[in-house]
Amino acid sequence: MNRSVHFAPTADDVADIRRLRLASFAEATTLLALLLVAVPLKHAFGYSAGVRIIGPVHGAAFLAYIWTLIAASAGGGWTRSEIARMSLAAFVPFGGFLNAGLLRRKQASVVASLKERP
Amino acid sequence: MIPYLWIKAIHVAAVLIFIAGLFAQSVAVAAGRRGDRGTGALVSHWDRRVTVPAMLLVWLTGATIAVDGGWFASPWLWGKLAIVVALTALHGVQSGRLRRIRRGEQLRLRIAPEHTAIGIAVAAAIIAILVVAKPV
């Protein structure tokens, strides 16, 4: 069993990790779309509609990710380094994709822990 | 296109429901620390169905109003924004605490939920002053 799962998880915790995986993916994807598509389009071709649309979408995705991360970490079962790593990932391009492995392992560990219980 | 005043009305309604949800969470956390897990379960259900959608509406309508009205140049908006960010974070923290209570954990908190509720009341009052009187 994963060392970080030192609590008695419930189905709520699995749902929480699923939400976090989705929010992390959305945050990372919209950040890349903003940096690699919308910003170059604006500066190279003067086409600013992309930034006007993707900018607020990424803002919403960022807030959703941070809120989900706060709720999940306040619910317990996460180490400080896991929380620090996932917080840092929000500010780095590709960071959200680097979270994918950690969150997948975490979900598997929590699901296994749920199955182990009578 | 929804008229500006309607968006504003929806925003105010969503803020009221969101703040009420924060108070309910604080009361449920206080009750949970005294061994009452039922209140926590009830408030968590309310939270998912009502408070979280209200919080999303607060952000969505708030951003629309700020962009439409060109308020980003006003210092009062940034003060309000900082408080709303803090309240949103507090909502996440209290959601996590309620889950721990439902799990049967005994919470050890640095700040009592009763004091958190006072903080929410002060924050709501400051938001009202900033938005209505616009002192800065």
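How far apart are the mean positions of the positive and negative charges of chain B? They sit 3 Å apart, with 15 positive and 5 negative charges going into the two averages. Keep in mind that what you're looking at is a predicted model. Here's a quick tour of chain B, followed by its contact with chain A.

**Fold of chain B**
- Chain B is built with four helices and zero strands.
- If you walk along the sequence, you'll meet those elements in the pattern α-α-α-α.
- For a sense of dimensions, the C-alpha trace of chain B spans about 50 × 30 × 15 Å along its principal axes.

**Inside and outside of chain B**
- Chain B has 136 residues, and 39% of them are buried.
- Take the contacts in chain B with a separation of 6 or more: 83% of them link residues 24 or more positions apart.
- On the outside, chain B has an accessible surface of about 7500 Å².
- Carbon and sulfur atoms account for 72% of that accessible surface.

**Where chain A and chain B meet**
- Chain A brings 15 residues to the contact, while chain B brings 16 residues.
- Between them, the two chains bury about 1100 Å².
- Of that buried area, 61% is on carbon and sulfur atoms.
- Charged side chains take part too, with four salt bridges counted between chain A and chain B.
- Want one to look up in the structure? Try the salt bridge that joins the side chains of B:Arg99 and A:Asp16, at 2.6 Å from N to O.

Terms used. Residues numbered from 1 in each chain as written. Chains lettered and ligands numbered in written order. Predicted model: local features only at pLDDT ≥ 70, side-chain atom pairs only at ≥ 80, totals over all residues. Heavy atoms only, no water. Helix = DSSP H or I, 4+ residues; strand = E, 2+ residues; numbered from the N terminus. Buried < 20%, exposed > 50% of the residue type's maximum accessible area, 1.4 Å probe, protein only. Contact = heavy atoms within 4.5 Å. Areas by Shrake-Rupley, 256 points an atom, 1.4 Å probe, with all protein chains shown as cover. Lys, Arg positive; Asp, Glu negative; His and termini not counted. Charge placed at Lys NZ, Arg CZ, Asp CG, Glu CD. Buried area = accessible area lost by both parts, 1.4 Å probe.
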